[in-house]
Amino acid sequence: MSGLDYVKGYDFSRVIAHMQRDGLSRDEATQSAEQLRAFMALNAMRLESPVCLVAWEGMEPAWHAFILDTRAYARFCQNAFGGMLHHWPDAYGTAEFRAGWSKTVELAAKHFGIFLDRNPEARESGRGKQWNMAAFCSREPGEGEEWPLNVESNIQSVA
């Protein structure tokens, strides 16, 4: 099964339940989870791209809820991408962020009919709530090999 097929068929019900416990309605949580699926699918389609994609506000509640379930999130990333899809919270305003946002806007519209404001500063200028300014999401620039998901091997290499 390809990573994209894995993303398309993934059961996000635990993520939805987590968001409902945090106060979102079932409809809001389901919509956020489907936008998360779109974001993850875009990443699965672009594994070899040097441009990282940027999370948008609609999928952020689901992604943050998913990340908190660390084992499930790590398994998902391994199956979908072959390694971790990281959250880089300090990227806002960087050249990487602007390039990533431009590519995200293009691909979200093309593949999923999700239309986001092209201006990466739209949220701060009061034009809209399109993305979370603290979430540039993928590989960090210059990052070498991904950390292995096997925690025990990490601990042994540090000791």
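This is a tour of one protein chain, with a selection to make at each stop.

**Stop 1: the whole chain**

Show the full chain as a cartoon. The model is predicted. The chain has 7 helices and 3 strands. Followed along the sequence, these elements come in the order α-α-α-β-α-α-β-α-β-α. There are 159 residues in the chain, and 40% of them count as buried. Take the contacts in the chain with a separation of 6 or more: residues 24 or more positions apart account for 68% of these. The stops below include several such pairs of elements and residues.

**Stop 2: helix 4 and helix 5**

Select residues 60-68, which form helix 4, and residues 70-81, which form helix 5. How are the two helices set against each other? They pack at an angle of about 105°, and their axes are 5 Å apart. Helix 4 is therefore roughly perpendicular to helix 5, since angles from 65 to 115 degrees are given that description.

Now show the side chains where the two helices meet. On the helix 4 side, select Trp63, Phe66, Ile67 and Leu68. On the helix 5 side, select Thr70, Ala72, Tyr73 and Phe76. The residues of this contact divide into 7 nonpolar, 1 polar and no charged. Keep Phe66 on display, as it returns in later selections.

**Stop 3: helix 2 and helix 4**

Leave helix 4 shown and add helix 2, residues 13-21. The axes of helix 2 and helix 4 cross at roughly 105° and come within 9 Å. That angle makes helix 2 roughly perpendicular to helix 4.

Which residues of helix 2 meet helix 4? They are Val15, His18 and Met19. Their partners in helix 4 are Pro61, Ala62, Ala65, Phe66 and Leu68. The contact of helix 2 with helix 4 is made up of 7 nonpolar residues, 1 polar residue and no charged ones.

**Stop 4: the cavity**

Next, select Tyr10, Arg14, Val15, Phe66, Asp69 and Ala72, which line the largest cavity. Phe66 and Ala72 were selected at the contact of helix 4 with helix 5, and Val15 at the contact of helix 2 with helix 4. How many cavities of 30 Å³ or more are there? The count comes to 1. The largest cavity holds about 30 Å³ of space. Its lining divides into 4 nonpolar residues, no polar ones and 2 charged ones.

**Stop 5: Phe12**

Select Phe12, in the loop between helix 1 (3-9) and helix 2 (13-21). Is Phe12 buried or exposed? Phe12 counts as buried because its relative accessibility is 3%, and the limit for buried is under 20%.

Show what surrounds Phe12. Leaving out residues up to four places away in sequence, Phe12 touches Ala33, Leu36, Arg37, Phe66 and Phe76. Draw a distance from the C-alpha atom of Phe12 to that of Leu36: the separation is 9.3 Å, while the two residues are 24 residues apart along the chain.

**Stop 6: Gly3 and Met45**

Move to Gly3, which is found in helix 1. Gly3 has 16% relative accessibility and so counts as buried. Beyond its neighbours within four places in sequence, Gly3 is in contact with Ala44, Asn79 and Ala80.

Add Met45, in helix 3 (residues 26-45). The C-alpha atoms of Gly3 and Met45 are separated by 8.3 Å, although these residues are 42 residues apart along the chain. Met45 is partly exposed, with a relative accessible area of 37%. What does Met45 contact, its neighbours within four places in sequence aside? The contacts are Leu4, His111 and Phe112. Select Ser2 as well: its C-alpha atom and that of Met45 are separated by 9.9 Å, with their positions 43 residues apart along the chain.

**Stop 7: Arg46**

Finally, select Arg46, in the loop between helix 3 and strand 1 (54-56). Arg46 counts as buried because its relative accessibility is 18%. Residues up to four places away not counted, Arg46 touches Val51, Leu53, Lys103 and Leu107. For a last distance, choose Arg46 and Phe81. They are 35 residues apart in sequence and 9.5 Å apart in space, C-alpha to C-alpha.

Definitions and conventions
Residues numbered from 1 in each chain as written. Predicted model: local features only at pLDDT ≥ 70, side-chain atom pairs only at ≥ 80, totals over all residues. Heavy atoms only, no water. Axes fitted to C-alpha atoms, helices over the stretch in contact; angles between N-to-C directions. Helix = DSSP H or I, 4+ residues; strand = E, 2+ residues; numbered from the N terminus. Parallel < 35°, antiparallel > 145°, perpendicular 65-115°, else oblique. Contact = heavy atoms within 4.5 Å. Nonpolar A, V, L, I, M, F, W, Y, C, P; charged D, E, K, R; others polar. 1 Å grid on protein atoms, 1.4 Å probe; cavity = no way out; pocket = protein on both sides within 12 Å on 5 of 7 lines; lining within 4 Å. Points joined across faces, edges and corners; volume = space filled by probe spheres on them. Buried < 20%, exposed > 50% of the residue type's maximum accessible area, 1.4 Å probe, protein only.
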